[in-house]
Every structure is written in C-alpha cells, then in structure tokens.
Amino acid sequence: MYALVDCNNFFASCERVFRPDLNGKPVVVLSNNDGCVIARSNEAKALGIPMGAPAFKYRNLFEKNQVNVFSTNFVLYGDMSMRIMSLLTEMAPEIEVYSIDEAFLGFKGFELFDIEKYGKKIEQKVYKATGIPISVGFAPTKTLAKVANRIAKKFPKQTQNVYVIDTDKKRKKALNWLRIGDIWGIGRRFSKRLEAKKVFTARDFVDLSDAFVRSEMSVVGLRLKKELEGEETMTLEKYSPKKTIATTRSFETMYTDFEDIKERVATFAITCAEKLRKQQTHCNSITVFVHSNDFRKNLPQYSRNILIKTEYPTHSSADLIRYAVLGLKTIFKQGYHYKKAGVIVGDLTRENEKQLSLFSRENPKHQPLMQQIDAINQSIGQNKVKFACQDLGRTWKMKQEKLSPRYTTQLAEIIEIKT
DNA sequence: TCTGGGGTCCTAGGGCGA
DNA sequence: TCTGTCGCCCTAGGACCC
C-alpha cells in the first residue's frame, strides 16, 4: 500500500498560517517577478482565477474582490516543507519526497491495519504541528494513490481529507470518475490526442489495448496503464543527487545589448557554480540559452542554445563564467529583443571522484579562491563578493512587491502577536 | 509596461567502432 | 581491403511533473 500526501494549496496555505485573518478569504501567490499566479486558495479558485494567470491582466479582478496577493517567498515555503516532511518521516516506514508539497509514503505490511484511521492521524498531526491542511490518498500503486488523493481533496466533507482505494469496486468507480487529462502523467498533448479517439476517462484509457498504448505513448504510457489496473510498475525512489542544475530568468525589460545579457549570463553561471559547490559536485558540460519575447508577436523571434563540454570537471565560478560568455558570444545575434536567458550545468560528477587529465590547464588557485569566496559570503551575506564581469553598481532585483516576512528563518522577521 | 523556474525521462536518428 | 550489420553513445526534441 502507498500513500500520497499532498498539501492543500500549499503556498497559499503557508501565507495563511501566519495570517489567520486570511482564512476564508481569497489568496493568490505570484511567480518570480510577480509575473503570474502559481498558487490559489479555494476562494481564489472560486473567483475563476486560473493557474498561470498573468497578474497584470487580473489586477482589476484582484482589487474588486479584495484578493490577497503575495510574491513568492521560497525561504518560507521551503522551511515549512521541511517541517512537514520530517513529521511524515516519523510516521511511515518509507518516504519519497516527491516535491516541495508532496510525498509518497510506503506502507508495506500494513494490510491488516485500519489504514484510513491512520491516514486521519497523519492529517491531524501535520495540521496541529504546522497549520498546513493536507490530503491523503491510499492505494496499491503510486498512480492510484494519486487518484485517491484527488478524491480526498475533491470531496473533503465526505472523505475528511483521507481516501483509500482498497477494493476493485472502488478502483473502477474512481477510474470512471477521473477525466483523462487529470491522470498523473497525462498532460495536455496526450489528453487532446486521446480525446480525439473518444478516450475521455481513466476507465476508457485502461480499456485500450496494451499494444495501442505502447505505440502511441511509449513505455511510459503503458506503465501508467498497468498502474491504473492495480499492477505496480513504480516503486519509491531513493534520494538521488541532481543530474542538472539550472539558473534561468526572465528579464525585467527586453534587452538588445550584448553587454547587458553578458552580465546576466555571467551571474547565472556564478549561481550555478555556487549550487554545484553546495552539493559537492562538478559539472562537465554547460548549456547557455537566450530567448526573445514569445508574447510580442510583432517583434522578430529568436531562440538558441549551445552546449559546451568543459575541459575538466569544474565548479569554479571563474571557469563557468568563461564558458558561459564564450557560449553567449556564439549564439547572440544583434537586432533581437531578448527577454530570457539561462545557464544549465550538466554531466555532474562527485567532487571527490574527479577524473584528472594529463593535459588539463586547470588553474590550481581556483579551488582555494572559491573556498574563500563561499566562506566570506556565508559570514557576511550572500553575493557580497562579486566578479569583475558583474555590474557592481547594479541594483537589479526580482520584482517582489508583496513579499511576506520570512517568519520561520529570520529572527528579525518573526511573527508579532499584538494583545 | 507587465505572461515563472527547475527538474526528469524517453525516443528517434546519426556517428562510429567492432 | 571493402562492405554490411549490429549495438552503443550522444544529442535534440518532445513529453511530463511540481
């Protein structure tokens, strides 16, 4: 038996924990740069605000309905997530943290337990300790646990936020109810293609032949079908280090000048290098990309990326800046309005398993230099040490006009209770 | 004026060595 | 020495997730 635990409207719920006056009121959380809506409370959903709604188009609706708008506060959400995951770890023999607000729990050997009762215990404990409401779905496979969770969330009154699929009758009933596009692993493209073939529900999907699903949707689709039939094809995944690390951003305005983008790309490379050092890995390749503004149809569009193999495994900021700028020089074209760029490092290997090269021209000073930079940044604040290619006078910051305090991680921002 | 960011996995097709 | 086949590796692109 697996359980899927999912936090309800997670980011919006995190904001509400420290602002109980917002209970019962519409709350939305915006993406970086306050661009679009990435989380909504139930009240905001009821107002018809869709996921991904551009904030500027919905400003009037927000004002008219007194919607409480927040910028993303990932420091807060990350910390709340950590607290919830550690509680869940205590309550289940196995756990796979699937995302910031979701975890699969493994309950092998619990068949004789009253699992529904236990689910309610989990729900109550998490709510009491953190203030975050969760839904719990139990089923014999991970995909069915996702389905069970959806039912728990959709019918809170009947399920009390916990639902168990433990009989074939319940499984079939759930599959009849679930629309094709709501199956975990079937996105927009596949659901459109399947609907064109009169496949509208999960039940219709499992009624298709294995051969058809295999040919149309590869082994991924076939695995999904088996899971929905109750046959386990996915197990809990152990923690594994990242395979790629990315730093990408949309710009506050469109850039046309090479030097402006160069400064941004170099800064992204530095961030990637810091992330590499933090997880004690080197990269062996780096990808740089630039993108014009998709939404400005009247402007010429351009988008390109380039992958460069590094000469040796590295996590030196200086090395990565050099490669990133080299890549940018190759792909940059004059005459376009650039809106987005990014750096992605890949082919990661562990720091202590470095493949040395006889002809390597690695600068031996980089390693101790990076150590010192990290130490200084750690003691006096992130990004205090800058590289020459960065604009020292630059005050560029993400637009975050509605940022809430970092209640749980900064003493100066701790919650105040007025009596 | 203003539309996010960070990941994973799979497949097709070309290059290339055995 | 030439040619065909097989299988591995790599990359780009497409699909998905949160």
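## Exercises on a protein with two DNA strands

Gln66 sits in the loop that links helix H3 (59-64) and strand S4 (68-70). The structure is a predicted model, and the exercises below walk through some of its features.

### Exercise 1: Two glutamines in loops

Find out what is unusual about the backbone of Gln66, and work out whether Gln66 is buried or exposed.

Solution. Start with the backbone: Gln66 is not a glycine, yet its phi is positive, at about 50°. Most residues other than glycine have a negative phi. Next, look at the surface. The relative accessible area of Gln66 is 66%, and the cut-off for exposed is over 50%, so Gln66 counts as exposed.

Now do the same for Gln160: where does it lie, and how accessible is it?

Solution. Gln160 is found in the loop between helix H7 (156-159) and strand S8 (162-164). It too is a non-glycine residue with a positive phi, here about 55°. Its relative accessibility is 46%. Partly exposed covers the range between 20% and 50%, so Gln160 is classed as partly exposed.

### Exercise 2: The surface near DNA strand C

Describe how the protein meets DNA strand C, beginning with the residues that surround it.

Solution. First, list the neighbours: 15 residues surround DNA strand C, and the closest are Lys146, Gly185, Gly187, Arg189 and Phe190. By class, this surface has five nonpolar, three polar and seven charged residues.

Second, ask which elements supply them. Strand S5 (94-99) and helix H9 (188-196) each give at least two residues, and H9 gives the most, with four.

Third, check which part of the strand is met. Of the atoms of DNA strand C within 4 Å of the protein, 100% belong to sugar or phosphate.

Finally, look at single contacts with phosphate oxygens of DNA strand C. Lys146 uses a polar side-chain atom, at 2.8 Å. Gly185 has a backbone N or O atom at 2.9 Å, and Phe190 has a backbone N or O atom at 3.0 Å.

### Exercise 3: The surface near DNA strand B

Repeat the steps for DNA strand B: how many residues surround it, and which element gives the largest share of the surface?

Solution. Begin with the count: 25 residues surround DNA strand B, the closest being Ser31, Asn32, Ala246, Thr248 and Lys339. They divide into eight nonpolar, seven polar and 10 charged residues.

Then turn to the phosphate oxygens of DNA strand B. A polar side-chain atom of Arg223 lies 2.9 Å from one, and a side-chain N or O atom of Lys243 is also 2.9 Å from one. For Ala246, a backbone N or O atom is 2.6 Å from a phosphate oxygen.

Moving on to the elements, helix H11 (210-228), strand S9 (245-255) and strand S12 (338-346) each give two or more residues. The largest share, six residues, comes from S9.

As a last step, look at the atoms of DNA strand B within 4 Å of the protein: 70% belong to sugar or phosphate and the rest to bases.

### Exercise 4: A nonpolar patch

Find which residues make a nonpolar surface patch of about 460 Å², then place Ile414 in the chain.

Solution. The patch is made by Leu411, Ile414, Ile415 and Ile417. Ile414 belongs to the segment after helix H14 (366-380). With a relative accessibility of 47%, Ile414 counts as partly exposed.

Notes:
Residues numbered from 1 in each chain as written. Chains lettered and ligands numbered in written order. Predicted model: local features only at pLDDT ≥ 70, side-chain atom pairs only at ≥ 80, totals over all residues. Heavy atoms only, no water. Patch = residues over 30% accessible without salt bridge, like charges linked within 9 Å, V, L, I, M, F, W, Y side chains within 5 Å. Areas by Shrake-Rupley, 256 points an atom, 1.4 Å probe, with all protein chains shown as cover. Salt bridge = Lys/Arg side-chain N within 4 Å of Asp/Glu carboxyl O. Buried < 20%, exposed > 50% of the residue type's maximum accessible area, 1.4 Å probe, protein only. Near = heavy atom within 4 Å. Polar contact = N/O pair within 3.5 Å; in protein donor to acceptor, adjacent residues only side chain to side chain. Nonpolar A, V, L, I, M, F, W, Y, C, P; charged D, E, K, R; others polar.
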